[in-house]
Amino acid sequence: MASTNSWTLELESRVSAPRKFRATVMDWHTLAPKLAPHIVDSAHHVEGDGGTGSVRHYNCSSAMPFNVMKKKVEYLDVDNCECKYTIECDGVETSTWHIKMRPTANGGSVAKVECTSKGVEGKDMMLKAKESATEMFKTVEAYLIANPNAYN
């Protein structure tokens, strides 16, 4: 059973695993300011080419409890739609994430997301992270369904 400092989420989607992975994981820094401006004002690469070791910088909106978020890719396997990354908020490492997307028989996918907090206290913060992840995946799915040629 997960502690208050970790959670696991499984989300089914009508969108294929490779498309969903490319949009949600590989290109979220580009999509976030467009699809979730209430969360992310702007985002860009700070280091690397998008692969393992790359760092992305996100300027967060005033609705967020922090101003800046950095995401460092610790592991990336694009062919198998899997990644692990570390999140840092306002200069403090807060969590690690593991995302794995697998195809389903109907052409869609299931995303499994595991998040473990590093020193973030409180059930509320972990619940907000889980809600944010759910919103991100559903927002990307809606975008991809509305734009069937995107990320093919």
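**Figure 1. Backbone of C81 in the loop between β4 and β5.** A residue is termed buried when its relative accessible area is under 20%. In this predicted model, C81 has a relative accessible area of 5% and is therefore buried. The phi angle of C81 is near 50 degrees, a positive value in a residue other than glycine. Most residues other than glycine have a negative phi. A second residue of this kind is Y151, which is not a glycine and has a positive phi of about 65 degrees. Y151 belongs to the segment that follows α3 (123-146).

**Figure 2. The open sheet of seven strands.** The strands follow the order β1-β7-β6-β5-β4-β3-β2, and their pairing is antiparallel. At the edges stand β1 and β2 (40-47), each of which pairs on one side only. From one strand to the next, the twist averages 20 degrees. Strands of a sheet pair through backbone hydrogen bonds, either parallel or antiparallel. Between β2 and strand β3 (residues 55-60), which run antiparallel, there are six bridges. Within this pair, E47 is placed opposite V55 in β3.

**Figure 3. Edge strand β1 and its pairing with β7.** Strand β1 (residues 6-13) and strand β7 (residues 109-117) are joined in the antiparallel sense over eight bridges. E10 faces K112 of β7 across this pairing. In a regular strand the side chains alternate between the two faces of the sheet. The covered face of β1 carries W7, L9, L11 and S13, whereas S6, T8, E10 and E12 make up the uncovered face.

**Figure 4. The salt bridge between E114 and K112.** The closest N and O atoms of E114 and K112 are 3.6 Å apart. This separation lies within the 4 Å limit applied to a side-chain nitrogen of Lys or Arg and a carboxyl oxygen of Asp or Glu, and the pair therefore counts as a salt bridge. The count by this rule comes to one salt bridge. Both partners are partly exposed: E114 has a relative accessible area of 30%, and K112 stands at 35% relative accessibility.

**Figure 5. Surroundings of T96 in strand β6 (residues 92-103).** T96 is partly exposed, its relative accessible area being 24%. When neighbours within four places in sequence are left aside, the contacts of T96 are Y85, T86, E114, C115, T116 and K118. Among them, E114 also takes part in the salt bridge with K112. T96 and N106 are 10 residues apart along the chain, and their C-alpha atoms are separated by 31 Å.

**Figure 6. Placement of helices α1 and α2 on the sheet.** Helix α1 packs on the sheet and touches β1, β3, β4 (68-77), β5 (82-89), β6 and β7. The direction of α1 makes about 165 degrees with that of β6. Helix α2 lies across β2 and β3, and runs at about 170 degrees to β2. Seven of the 10 residues of α1 are buried, so this helix is largely enclosed by the rest of the structure. The buried residues of α1 are A17, R19, K20, F21, A23, T24 and V25.

**Figure 7. The contact of helix α1 with helix α2.** Two packed helices are described by the angle between their axes and the distance between the axes. For α1 (residues 17-26) and α2 (residues 28-35), the angle is about 80 degrees and the axes are 6 Å apart. Angles from 65 to 115 degrees count as roughly perpendicular, and α1 is therefore roughly perpendicular to α2. On the α1 side the contact comprises A23, T24, V25 and M26, which meet W28, H29 and L31 in α2. By class, the residues of this contact are five nonpolar, two polar and no charged.

**Figure 8. Environment of T24 in helix α1.** T24 is buried, at 1% relative accessibility. Apart from its neighbours within four places in sequence, T24 is in contact with M101, M136, F137 and V140. T24 is also one of the α1 residues at the contact with α2.

Conventions. Residues are numbered from 1 along each chain as its sequence is written. This is a predicted model: local features need pLDDT of at least 70, side-chain atom pairs count only at pLDDT 80 or more; totals for chains, interfaces and linings use all residues. Side-chain values use heavy atoms; hydrogens and water are left out. Buried means under 20% relative accessible area, exposed over 50%, partly exposed in between (1.4 Å probe, protein chains only). Axes are lines fitted to C-alpha atoms, for helices over the stretch in contact, and angles run from 0 to 180 degrees between N-to-C directions. Helices (H or I, at least four residues) and strands (E, at least two) are DSSP runs, numbered from the N terminus. Angles under 35 degrees count as roughly parallel, over 145 as roughly antiparallel, 65 to 115 as roughly perpendicular and the rest as oblique. Contact means heavy atoms within 4.5 Å. Ala, Val, Leu, Ile, Met, Phe, Trp, Tyr, Cys and Pro count as nonpolar, Asp, Glu, Lys and Arg as charged, and the others, Gly among them, as polar. Two strands pair if DSSP finds at least two bridges between them.
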